[in-house]
Amino acid sequence: MLRILSFRRTVTDTENFRWRPGHVGLGRLPDHAGNHRPKTFRSPREAAASSTEISVDPMTTSRRNFLRFALAAPLAGSALAACGTAGPSTAGGGAAGGGAPSIWIISGQPGEGIRSNTVKRFNEANPDIKFDTATFQNDAYKTRIRTAVGANQAPTLIWGWGGGTLRSYVEAGQVDDLTSWLDQNAGVKDRLLPSAFAAGTVDGKVYGMPCETVQPIVLYYNKRVFERVGAQPPQTWGDVMDLVPRFNAQGIAPFSLGGQSRWTNMMWLEFLFDRIGGSEVFQAVADGEADAWSNPLAIQALTMTQDLVKANGFINGFSSITADSNADQALLYTDKAAMMLHGSWTYGSMSSEGGDFVSGGHLGYMNFPPVDGGKGDPSDTVGNPAQYLSISSKATDQQKEAAKKYLATAVLSDAEVQEWIDAGAVPIVKGAEAKLAGSKDADFLNFIYGVASTTKTFAQSWDQALSPTAAEKLLDNIAQLFQLSISPQQFATNMNQVIGQ
Amino acid sequence: MTLPALVVFTAFGLIPLLGVVLLSFTTWNGIGAIEPSGLDSWSVVLADPGLPHALWVTFLVMALSWLFQTPVSILIGTFLAGQHRYRAVLAVLYFVPLLLSSAAISITYKALLDPNFGLGAGLGVPLLRQDWLGQPGLALGVVVFVVSWQFIPFHSLIYQGGVRQIPQSMYEAAELDGAGTVRRFFSITLPQLKYTIITSSTLMVVGSLTYFDLIFVLTAGGPGDATRVLALDMYKRGFQANLMGPASAIAVILVLVGLGLALLMRRLGGKDTDSQLEGM
């Protein structure tokens, strides 16, 4: 029971780190930026118990906004009830003239602390400006920020994952174009990794300034249980399937999986599609080619996924485990599972929650292994190239000036960079690798830096790449695929219906 | 005197309802422009096989939780209506679930039912180590159980009040005629509770349409779509797929189904409005 309590307490740790991927080629860059940009918005990420945050919205409600809000209210009502966030309320300087600039922060340590420290440092360095902050849980934030942007009540600085969500803001004219400002302030731009800009760029213009860290998806393994079973980490997909019965025979689940979250299952398909058919298989889907899901290589990847499910490759009860509770990570570090495919953001929470699991060197990590005879490049990865800050077009000039000063002086300052590194993450500033060496997590950080900088394709997460309609259908069908309630062919048929939507 | 209530009802009931009806004839992604699109949303929703499934699941949850809650609530209510002090103590304990929010209840049950870290694993009881929320049938059962666990105290309270309204003289007369406890329960208590049962059932049935928070946190509609009720379907379409039009259409369907059920329950009560009280 203590176990339960301790991981419930840290509900927000992964939340905090679950960045949204964007489609970037870290290797072959900026030309790639505007290429395939599926037309739509944010990805649904499966719900957490987004229950208890009370928010303070520093905006005031104008009558027009109120009417608009009233239209959305019945639907929003259920969402807000779920999020537990109150409607607009005035507090902390929503005064005349638009009031103080504002920024919203995602909760969960260590990110929450690092973000609020950055704001605090900026406020102290600029006595005449005071950024108001409000804190939200990850999934609550996604609904809240979208509602706020739609109601013209967004904070001055809009934090997000770039990609499709940002595009929908741009199409609605809700965020400012930062291109010319960045050109005038080359010093700001040149500090950051060029690859990070792609997912913040829409139609060749930068609307989201990259911030924070780079996060590919990694195959983690538990060295303790590998030693106990006398096994070696898998070098190919064949090894993976061979390991499954060996671990099962010892009563250890081969893979941990938080299947209720659905996007966790999706990571498996993302890698198998890539390793079997190369990045072009999903690219065809994103480009809207008819019947792209029926590609024989796609069917093969889907079939192999179900083979792994049928072989009991995943932990018993995976379909009721949520990633938001960190239970999937707990399974790995309590030796109940041998391996886990998850984002690099889980490293931080595993080291803080897993006792000596990480510090004692029991956690292994590698890129997803190749599939025999597959076409994909084994260096390919999936993940989040960065996170993004955009300036709300509805902010006052004064607020926008403050926001630009914030972007120029506060974002990824030396102090913030150091805090991210200490938290086991790789910030997106040039020359970060020099600082990684001094960290207690140097091995992992160098590994992540290596994956991110040598990958041939840093693919965008599918639910982000597709329209929300298609993405929700995708996640739905993925859940059913893992339940074995539909066949790969049915999956392809269902998904072909929403291609191009 | 009715003015304040009318104003509140109009502002928070009717106007939003009208908004949803209007939205169901539009296309809107939540932040862009709202564009009229006629019956598009309706044809999408009505053609989707997900709708009959969600209706079926909603009906199952409604029926099963009614079947489970009603007898238990009546029995507990009748028991608590007695005047003993220990019953008052027990009553306090029985009402504890009423004090908890749905989200807290769901999170707690989710932790308890976890096959790897939950109660079964902790106590080492294999019977409890089912994949409670991962098997479609079991998950539905768990949802019904948790819903009932949360709301039985409330309905017991209603029945307790109902039983206390029954004139004591009826029981005295029955006792003189030699009726035992069981006979008195079936011949007096139950018939006298008729209107209480209708009230409580209406609350249960209409309320079950809105079980969103509990299921959202407990299973998120899963595994697959095994516990995806109509309200959850609405949320997923509206806020995860950003299809406000179809989500509004489902909201309208929810309202219609709710109204229909409420009317039906009133009908079931019969047209006879004669008092159940003796001699009146």
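**Notebook: strands and helices of chains A and B**

**Entry 1: the β12 neighbourhood**

I started with a pair of facing residues: A:Pro210 stands opposite A:Tyr388 in strand β12 of chain A. This is a predicted model, where local features need pLDDT of at least 70, side-chain atom pairs count only at pLDDT 80 or more, and totals for chains, interfaces and linings use all residues. Residues are numbered from 1 along each chain as its sequence is written, with chains lettered from A and ligands numbered from 1 in the order in which they are written.

A:Pro210 led me to strand β6 (residues 209-211) of chain A, which pairs with β12(A) in the antiparallel sense over three bridges. Pairing takes at least two DSSP bridges; strands themselves are DSSP runs of E, at least two residues, and helices runs of H or I, at least four, numbered from the N terminus.

What else pairs with β12(A)? I found strand β3 (residues 157-160) of chain A, also antiparallel, with four bridges. There, A:Gly160 stands opposite A:Tyr388. I noted that A:Tyr388 thus turns up facing both A:Gly160 and A:Pro210.

Next I checked how covered the strand is. Five of the five residues of β12(A) (387-391) are buried, so the rest of the structure largely encloses this strand. Buried means 20 or more other C-beta atoms within 10 Å of a residue's own, exposed 12 or fewer, and partly exposed in between, with C-beta atoms placed from the backbone. A:Gln387, A:Leu389 and A:Ile391 cover one side of β12(A), and A:Tyr388 and A:Ser390 the other.

**Entry 2: β1 and β2 of chain A**

I went on to a strand with two unlike faces. In β2(A) (residues 132-136), A:Asp132, A:Ala134 and A:Phe136 point to one face and are buried. A:Thr133 and A:Thr135 point to the other face and are not buried. I jotted down the general pattern: side chains in a regular strand alternate between the two faces of the sheet.

The partner I looked up is strand β1 (residues 102-106) of chain A, which runs parallel to β2(A) and is joined to it by five bridges. Across that pair, A:Trp104 stands opposite A:Ala134. From β1(A) the chain goes through helix α4 (residues 111-125) to β2(A), a right-handed β-α-β crossover (clockwise from first strand over helix to second, with the strands pointing away from the viewer).

**Entry 3: three single residues in chain A**

A:Gly150 is in helix α5 (residues 138-150) of chain A. With 25 other C-beta atoms within 10 Å, A:Gly150 is buried. Which residues does A:Gly150 touch, leaving aside neighbours within four places in sequence? They are B:Gly30 and B:Ile31, where contact means C-beta atoms, placed from the backbone, within 7 Å. I also noted A:Gln174, which is 24 residues from A:Gly150 in sequence and 8.4 Å away in space, C-alpha to C-alpha.

Then I looked at backbone angles. Most residues other than glycine have a negative phi. A:Asp203 has a positive phi of about 50°, and A:Arg262 has one of about 65°. A:Asp203 sits in the loop between β4 (201-202) and β5 (205-206) of chain A. A:Arg262 is in the loop between β8 (253-256) and α11 (263-277) of chain A. Are they buried or exposed? A:Asp203 is exposed, with 11 other C-beta atoms within 10 Å, whereas A:Arg262 is buried, with 26.

**Entry 4: helix packing in chain B**

Helix α2 (residues 40-47) and helix α14 (residues 244-268) of chain B pack at about 65°, axes 8 Å apart. That makes α2(B) roughly perpendicular to α14(B). Axes are lines fitted to C-alpha atoms, for helices over the stretch in contact, and angles run from 0 to 180 degrees between N-to-C directions. Under 35 degrees counts as roughly parallel, over 145 as roughly antiparallel, 65 to 115 as roughly perpendicular and the rest as oblique. Among the residues of α2(B) that meet α14(B) are B:Trp42 and B:Val45, and on the α14(B) side the list includes B:Pro246 and B:Ile250.

Helices α6 (residues 102-113) and α8 (residues 136-165) of chain B pack at about 135°, with axes 11 Å apart. They are therefore oblique to each other. B:Ser102, B:Ile105, B:Tyr109 and B:Leu113 of α6(B) make this contact with B:Val142, B:Val146 and B:Gln150 of α8(B).

**Entry 5: chain totals**

I closed with totals. Chain A has 22 helices and 14 strands, and 59% of its 501 residues are buried. Chain B has 14 helices and two strands, with 38% of 280 residues buried. The C-alpha atoms of chain B fill a box of roughly 75 × 60 × 30 Å along the principal axes.

Technical notes. Contact = placed C-beta atoms within 7 Å.
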